[in-house]
Amino acid sequence: MLNLERLRTLDALARHGSVSGAADGLHVTTSAVSQQLAKLEREVGQPLLARNGRGVRLTDAGRLLADHAARIISQVELAQADVEAQRGCAVGELRIGAFPTAMRGLLPQALAALRAGHPELRVRVREQEPEESMAAVVRGDLDLALAIDWNNKRMPVPAELTRTHLLDDTVDIAVPAGHRLADRTGSPGAAGISLAEFGDDDWISWNEGQFCHEWLVFTLRGTGIEPRIAHIAEEHHTQLAFVEAGLGVCVAPKLGRGPVPPGVRLLPVCDSVRRHVYAVWRADADRRPSIRAAVDSLRQAATDLHRGR
């Protein structure tokens, strides 16, 4: 009898391409991954891995079994979904990943409603960037993720996932109070400012390689600006602190923004810069009542947020 957890380990290795990558994806040590794979090799009676320089690669038998493992894991998800659907109520555990501004601005309200309506459902939340959380949903490490893309740059969603739109999040440009454009804050209904007017500014951006950093560079270049990324900061509040100190300008999404430092001015953008916020989950888990309940709560929280703006 093949052990399901060892098959999950093999599947993780096939997806990540290395023992360390599989360990990171499964949140275990590399030693634990190696031990599980060694036990799996003994169970099947033939080698599944071969040395490849300093790393490993799957043997023909390993690739064959990894393909079966992916299908078995998917069937397990379907079985869990069917059992939950037969009971007709959201119970058990639900693991959710969300990017930072959604963690602050959307998820607390949704989780409070979910707990009130489904007290037997245990929810665990992890803060992650969208690329990481979507990959975790594909692997089965998360059940649901909140992700974003932009109106002019969409994020590809893996074929295994289903998604639903929750809300559009508009953004402003944050500038120091003494900035040459600071008095252009405008009044409600004003046309706003063009990104092309920031050609001479330094920018505070997200980490290189992140989708939002790539979007910023792509968008500024689309307006004829070669962006000068002066500082990198993960959190929006940190970026705003740098802006207040006069060290540059940054994008300031409205979702989860919170109080703005007194030395910062927010300029509305006329270029219709918007983030699309959506939820994603595995298509083979679509029938799980816990998934449906969480999505319903997220939609309601997004609707309430939109009405309150």
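Visitor: Which residues lie nearest the centre of the largest pocket?

Guide: Welcome! This is a predicted model, and in it Arg 8, Leu 26, Arg 95, Gly 140 and Asp 141 lie nearest that centre. They belong to a lining of 25 residues, and the largest pocket holds about 510 Å³ of space.

Visitor: What makes this a pocket rather than a cavity?

Guide: The test is whether the points are open: a pocket is an open set of points, whereas in a cavity a 1.4 Å probe fits but cannot get out.

Visitor: Which elements supply at least two residues each to the lining of the largest pocket?

Guide: α1 (4-16), α3, α4 (60-87), β3 (92-98) and β4 (121-127) each do. The largest share, 5 residues, comes from α1.

Visitor: How do the residues of that lining divide by class?

Guide: There are 8 nonpolar, 5 polar and 12 charged residues. Take the ones nearest the centre: Arg 8, Arg 95 and Asp 141 count as charged, Leu 26 as nonpolar and Gly 140 as polar, because Gly is placed among the polar residues here.

Visitor: Let us turn to the enclosed spaces. How many cavities of 30 Å³ or more are there?

Guide: The count comes to 3. The largest cavity has a volume of about 100 Å³, and the second largest has about 40 Å³, so both clear the cut-off of 30 Å³ used in the count.

Visitor: What lines the largest cavity?

Guide: Its lining is made up of Phe 99, Pro 100, Thr 101, Glu 129, Pro 130, Ile 148, Trp 206, Gln 210, Cys 212, Glu 234, His 236 and Arg 275. By class, that gives 6 nonpolar, 3 polar and 3 charged residues. His 236 counts as polar, because the charged class holds Asp, Glu, Lys and Arg.

Visitor: And which residues line the second largest cavity?

Guide: His 236 appears here too, along with His 237, Gln 239, Leu 240, Cys 250, Val 251, Ala 252, Pro 253 and Arg 257. The elements giving two or more residues to this lining are α9 (236-244) and β9 (250-253). Its classes are 5 nonpolar, 3 polar and 1 charged.

Visitor: Now the helices. Why are α2 and α3 called roughly perpendicular?

Guide: The axes of α2 (residues 19-26) and α3 (residues 30-44) cross at roughly 105°, coming within 8 Å. Angles of 65 to 115 degrees count as roughly perpendicular, and the value falls in that range, so the pair is roughly perpendicular.

Visitor: Where do α2 and α3 meet?

Guide: Val 19, Ser 20, Ala 22 and Ala 23 of α2 touch Thr 30, Val 33 and Ser 34 of α3. This contact has 4 nonpolar, 3 polar and no charged residues.

Visitor: What makes α1 oblique to α2?

Guide: Their axes come within 8 Å and cross at roughly 120°. That is over the 115 degrees where roughly perpendicular ends and not over 145, where roughly antiparallel begins, so α1 is oblique to α2. The crossing is right-handed. Here Arg 8, Thr 9, Ala 12, Leu 13 and His 16 in α1 meet Val 19, Gly 21, Ala 22, Gly 25 and Leu 26 in α2. The contact divides into 5 nonpolar, 4 polar and 1 charged.

Visitor: How do you know that α6 and α10 are oblique to each other?

Guide: The axes of α6 (residues 107-117) and α10 (residues 289-308) cross at roughly 130° and come within 8 Å. Once again the angle lies between 115 and 145 degrees, so the pair is oblique. α6 passes α10 in a right-handed crossing. Leu 107, Gln 109, Ala 110, Ala 113 and Leu 114 in α6 meet Ala 293, Ala 294, Ser 297, Leu 298 and Ala 301 in α10. By class, this contact has 8 nonpolar, 2 polar and no charged residues.

Note on methods
Residues numbered from 1 in each chain as written. Predicted model: local features only at pLDDT ≥ 70, side-chain atom pairs only at ≥ 80, totals over all residues. Heavy atoms only, no water. Axes fitted to C-alpha atoms, helices over the stretch in contact; angles between N-to-C directions. Helix = DSSP H or I, 4+ residues; strand = E, 2+ residues; numbered from the N terminus. Parallel < 35°, antiparallel > 145°, perpendicular 65-115°, else oblique. Contact = heavy atoms within 4.5 Å. 1 Å grid on protein atoms, 1.4 Å probe; cavity = no way out; pocket = protein on both sides within 12 Å on 5 of 7 lines; lining within 4 Å. Left-handed = near helix turned anticlockwise from the far one by under 90°.
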